[in-house]
Every structure is written in structure tokens, then in C-alpha cells.
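Colleague: Before we look at the model, may I ask you to justify the terms you use for it?
Modeller: Certainly; please ask about each term in turn.

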Amino acid sequence: MKIKNIYESIEEVRDIIAEKFMSNYSLEHVYKAVMYAFIYAALQRSRGLSSVDLLRPLEKKIPLLLVAAARRQLVDKMHGLAEYVEEIISADSPVLIRDEADFKQIIDNVKDQIGSVDYVFVYDCMSLIEKLVASAYLSVKGIKTIFLNTIFLNPVGLTMYMTQQLSDTKYRPSLQGVARYAANQLRASLYMKNPFIDVEVHKTGLLGVEEFADRVAIDKIVNEIMYWSRKGNILVFSDHGYDVIARPNENYLYVVHGFRRRDSSGSIPVLLLSRLSFFMATLKG
Ligand SMILES: [Zn+2]
């Protein structure tokens, strides 16, 4: 998949979620179904792992008809996204010298695309999955969101990798500083960082995928974005996402972030969403 097509693919998936799922099921169930479909597609790409077995605990938390619909209508489309994620992470040039890993340059790029926004929200550890669901939900409520032609690459999948890039500025090297930096560049009147997803991942260190999906207050997050996007234009992004890994000896899927390939526990990467962050903006009227 070519990089220039990825934003279109994301919006295509978002439209399917909005049109086919949002009006018939709860936000929480749709969220789990999107996560299910994305992991299902990724598992089909990693030979030797059984999607059906590994996803059973998550599947049990989703209405049967919705599971069937997600498999039928989303899994195929998710293959393209999973392939893209693999490709961009393993691209030839070292990530550290690539423009996509330079946060200040990324914000300049965002500015070139949208000029200014009213509010900047940074969600620690939010992956493409939550952004897709938020965008679909907003779309059903009549609020248009776009995925910008920009991604931030975080090669280690840790907050620090983004915040350290502010060390030569007057901004604090924290996620709050990152939000403030972006807000100033984009002339936003309000900025906020939300640690909720990251807090859930770190509370126990290692969370089963279905337990993680239960704990993320997707309702709260999406409604917060909706509330502010009714008042003005908002930019949403994250420092990193999270990784889904499998432990074949336990026949179980876990969520972590900052997964290392040299991990000695026998874990196999399934979907490394912690390495990249997409930028989403709502546009009023
Ligand atoms: Zn973080």
C-alpha cells in the first residue's frame, strides 16, 4: 500500500464503521468490534497464530451479529491498514533521521494543512483504533473529521521520545508541554493532555486485550472530543499508541507499549500500533 493512499483507506474504514455499525450498536461494542477486526486482519498476516482461538476472549464481549458483520465488512479493509503499519515501521531508512520522527517538523506540516485550530488535545497512548471510532461516532453526529496527511513516528513507542524533542525550547519536556507547544504553533486557545489510556496500560503492566478494551472509557473519550468539537475546531493526536502481542504458549493476546523484539518471554508482535500517531482534526461547518 502506498503511503499517499493510507489516509483515504483510513477514512474509508471510518465511513463503514459510521454507516454500518454506529446506529445499531453501543459505542463500547463498536469499539471492541473495530479492535477485533483490526487484530483479526493482523493475525491472518502472522503465520502460525490462530485468529479464532486468540480472539475468543474479546469476541465473547461483542454481540454475535456484530462480530459477524465486523468479519464480513471490516477485516478485508483492515488488511491494508495492517500492511501499512508493518511497512512504515520496517522501512529502509533509519527512523531517527526521517522527517516523520521530527515532532516540530510534524507540527509545521499540520499547520501547513489546517492553519489554526481552536483546541489541541493530546491523548497519551491513543491508537488508530480509538481515533477511527471517535471519527465514526462524530460523523454520525454530523461532525466532520479529517485524518491529516501526516503521521508521527515513535520508533520506541514511548512518551519520552516525543517530549524529549522539546528540550531545546522553552516548553517543558512533558506531554503537557507538547500540547502547549502545538497549541501555540496553531494559535489554539485551549490545550489539554489526557493520560487515561496510558494509565490503564500501566496499571498492571500487562493487560489482556479484552480486559484492556473493557477498561478504556471510550464513551468518555469520544464524548469529550464531541463536546469541544461543537464549540470549535479541534486537533487530536497522541505521542504513541499501544502494541498487541501474542504469547503462543499461553494462547493469549496482551496489550503493552514499547514492545521490544528481544523480549525474552516468547512474545510475538501482532499489531505494533505504538510506533505511529495519526492526526485527526474536526472541522466545523
Ligand atoms: Zn505515553
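Modeller: This is a predicted model, and we may begin with helix 12, residues 218–229.

Colleague: How do you know what span to expect for helix 12?

Modeller: The expected span is 1.5 Å times one less than the number of residues. Helix 12 has 12 residues, and its span from first C-alpha to last is 16 Å, close to the expected 16 Å.

Colleague: Which residues of helix 12 are called buried, and what makes them so?

Modeller: Ile-218, Ile-221, Val-222, Ile-225 and Ser-229 are buried. A residue earns that word if 20 or more other C-beta atoms lie within 10 Å of its own. Lys-220 and Tyr-227, on the other side of helix 12, are exposed; that word requires 12 or fewer.

Colleague: Why do you say that the buried residues line one face of helix 12?

Modeller: Seen down the axis of helix 12, they fall within an arc of 90°, so they line one face. An α-helix has 3.6 residues a turn, so residues three or four places apart point the same way.

Colleague: Let us turn to the sheet. What makes strand 2 and strand 3 edge strands?

Modeller: Strand 2 (144–153) and strand 3 (190–194) each pair on one side only. The open sheet has 5 strands in the order 2-9-5-1-3, with mixed pairing.

Colleague: How do you know that strand 2 and strand 9 pair?

Modeller: Pairing requires at least two bridges. Strand 2 and strand 9 (residues 276–283) have 7 bridges, in the antiparallel sense, and therefore they count as paired. Phe-147 stands opposite Met-280 in strand 9.

Terms used: Residues numbered from 1 in each chain as written. Predicted model: local features only at pLDDT ≥ 70, side-chain atom pairs only at ≥ 80, totals over all residues. Helix = DSSP H or I, 4+ residues; strand = E, 2+ residues; numbered from the N terminus. Arc of directions from axis to C-beta.
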